[in-house]
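Student: I am new to this structure and would like to learn how its terms are applied. Could we go through them one by one?

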Amino acid sequence: MRRRFDLRSVLIALAAPVLAILFSVVVISVVLLAVGDNPFDVFSKMIEYGTQPRTEVLILNSATIYYFSAVAVAIGFKMNLFNIGVDGQYRLAAFAAAVVGGSINLPAPLHVLVILVTAVLVGAMWAGIAAVLRAYRGVSEVISTIMLNFIATGVIAYLLQPGRLAVEVQGSNNIGTEPIPPSGQVPGMAIIPGTESKVYGLAILAVLVGFGYWFLLNRTRFGFDLRATGMSESAAVSSGVDIKRMIVAAMLLSGAVAGLVGMPQLLGSSYSYSLDFPAGLGFTGIAIALLGRNNAVGIAFGALLWGFLDNSAQILDLEGVPKEIVTIMQGTIVLSVVIAYELVRRYRLREQQRLTGQATAEPTGIGPGADEREGAPA
Amino acid sequence: MRRVIKVAAIAMAGALTLAACGGDSDGGGASAGSSVSPASYKVGLAYDIGGRGDQSFNDAAARGLDQAQKEFNFEKKELEASAGETDAQKEERLRLLATGGYNPIIAVGFAYATALKAVSAEFPDTSFAIIDDASFTAANVANLVFAEEQGSFLVGAIAASASKTGNIGFIGGVNTPLLQKFEAGYTQGAKAVNADITVQVKYLTQPPDFTGFNDPAKGKTTAQGMIDNKADVVYAAAGGSGSGAFEAAKAAAGPWGIGVDSDQYKLPSLAKVKDIILTSMIKRVDVAVYQFVKSYNDGAPATGIQTFDLAKEGVGYSTSNPAVAEYTAKADEFKEKIISGEITVSAKP
């Protein structure tokens, strides 16, 4: 009885994102028809291009970066904290890591380790400022992290100047940190057959971080306290949780993971932090965390979907369809997924009440509702 | 917590929708009604963020492409960068054009340097050009770079001559080495005329925030601040933000503004403030693009570093506002000296 019910709740949980994606496909089809394109052609072109080996590598690489970013955001969400500062945290972390990585020379594994540790520490430190302000001064982390994003931009711009921490390249209008020597680089993995392009070596780290996130939340006392605090602060306090400590710990963890966002690009591709280092990935992470429902596996699917949409969009411009259509699609997905989750939550609540009602009405047996746990809320 | 999520979702959806609205890609295609018989080649062009319609250097490249297309009647394809993308995605954009048979291919902006280095090696039979970068050279790549400091030197000399207060301003869009070249030339030109002149320097944003090129409100407040500090000529090297700076100068009645990239006196979008635009520092990205396509059309595609300086008329200043006439003699004198090598203009502030 119980097993059957669990399967059903899994199906219900899956229904929400699937419905949201279908709904956004419908919306986009209407938009495409309105501007005179055949939606079927457009989608099949995207899928055809998106399944080519080279594009698959690009999708995996984008997804790796997005995954770190979304997990960083999700850790905050679990604790009811909205860390908008992932963007500033990863940029500052990547910059510091690039400076450290370019100025030292160590044996290969140690060099990479030092760079990663630097990134994690700087990311955590930057998030820590917001955490301390929130825990001990009551400053909303939304405001402080947005401000810290701007400050990070200013700090990097000040330091990334010739004569400070930047080196100039003859004839270039770009400017960046000293390139990281080969011992500090992470080689790619040629795991997709049919292409020479390589998947970021740090994709493995993303999988490990995902597992660590799941383990921490679901298999440790700390994770339990974190979720409990996120669901009801007053209940957590009365069961002996130190809220201030939890806020600081959650933000530090969030910032630490945020510190890794720039690493695949830095250690696997550009080896230097320059003016054109990708920015704005922290905001993509928010969308993906919402889509993946803060769930380690859900986020992975979200990151892959986003990677697919972003990369297969390239073919659209070439075919004369504005690729901004994909941005509209992403926006629709985020909005409709939240609505879908809310509908499912209400449905579940009603279902639970009905079953509880049945169970209490039957004096003889134990109803299935009795051991139905509330599914993990956001 | 659900509340937080909802707020986040709405914010995200809003941001994404706005981002979508911002883009204005142009599908392209051979222009109809051309009298020239269709060319046998297709031209690809990859813009930096902003693309066609940015009122700045992407637009200048687009003008050059349009002019060439009118003349040679080829099929064209224009692609645009997205914010937050990596080198790998830029590389893929260029590769898509190359595999699609586009030849020649033009990359607009120094951000394409790493990507083009890889792709140009992969497609040795395709001709490429990159604007604003000379960090690498290849047999099939033309590096189209500009001596912005030389053109800025001339408008700096004009500014110093026109200034009565001995105080002028420089507004840079985004604080990058490229924009610092404008600042360097402007300051040197002004000091060449009046060694004691004060030059106020402000940049609107810091990278990676490139909104400084398209934020008229910020341009206006910054120019206002400079005028309040006694500046009576303001050089706005800030793309679309310049319109705000000119509005501030117009409102203050008296100060001059100096435009950038194209002859802003003639731009229809700036018609209301054009009488205070004394001159503009012209950077002929359009000419560079046009000449590159022409060289390909003529069967000898340009390669290597092509510096568009005063001597090649790749940079200069505009004279469409009659008010500038009284300063041109001095500016032309400096121009001759720079061309002859008597004056060397440093690209570093």
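Tutor: Here is a short talk about burial, salt bridges and the contact between two chains.

Tutor: First, some ground rules: this is a predicted model, in which local features need pLDDT of at least 70 and side-chain atom pairs count only at pLDDT 80 or more, while totals for chains, interfaces and linings use all residues. Residues are numbered from 1 along each chain as its sequence is written, chains are lettered from A and ligands numbered from 1 in the order in which they are written, and side-chain values use heavy atoms, with hydrogens and water left out.

Student: Why is Thr145(A) called buried?

Tutor: Buried means under 20% relative accessible area, exposed over 50%, and partly exposed in between (1.4 Å probe, protein chains only). Thr145(A) has a relative accessible area of 1%, so it is buried.

Student: Where is Thr145(A), and which residues does it touch?

Tutor: Thr145(A) sits in helix H6 of chain A; helices (H or I, at least four residues) and strands (E, at least two) are DSSP runs, numbered from the N terminus. Leaving out residues up to four places away in sequence, Thr145(A) touches Phe82(A), Asn83(A), Ile84(A), Gly85(A), Gln89(A), Ala130(A) and Met251(A). Contact here means heavy atoms within 4.5 Å.

Student: What makes Glu78(B) and Arg52(B) a salt bridge?

Tutor: The term asks for a side-chain nitrogen of Lys or Arg within 4 Å of a carboxyl oxygen of Asp or Glu. In this pair the closest N and O atoms are 2.8 Å apart, so the definition is met. Glu78(B) is in strand S2 (residues 75-80) and Arg52(B) in the loop between strand S1 (42-47) and helix H2 (57-72) of chain B, so the salt bridge ties together parts 26 residues apart in sequence. Glu78(B) also counts as buried, at 3% relative accessibility.

Student: Why can such side chains pair at all?

Tutor: Side chains of opposite charge can pair when their charged atoms come close.

Student: How do you know that Arg95(B) is buried, and what is Glu122(B) called?

Tutor: Arg95(B) has 7% relative accessibility, so it counts as buried. Glu122(B), at 37%, counts as partly exposed. The two form a salt bridge, with their closest N and O atoms 2.8 Å apart. This pair links helix H3 (residues 87-99) and helix H4 (residues 113-122) of chain B, across 27 residues. Salt bridges that share partners join Arg54(A), Glu91(B), Glu92(B), Arg95(B) and Glu122(B) into one network.

Student: What is the N to O distance between Glu122(B) and Arg54(A)?

Tutor: For that salt bridge it is 3.9 Å. The count between chain A and chain B is two salt bridges, and the structure holds 27 over all chains.

Student: How many residues does each chain give to the contact, and how much area is buried?

Tutor: Chain A gives 55 residues and chain B gives 51. About 4,500 Å² is buried between them, 63% of it from carbon and sulfur atoms; buried area is the accessible area (1.4 Å probe) that two parts lose on being put together, summed over both.

Student: What does chain B look like in terms of helices and strands, and how much of it is buried?

Tutor: Chain B has 10 helices and 12 strands. Of its 349 residues, 59% are buried.
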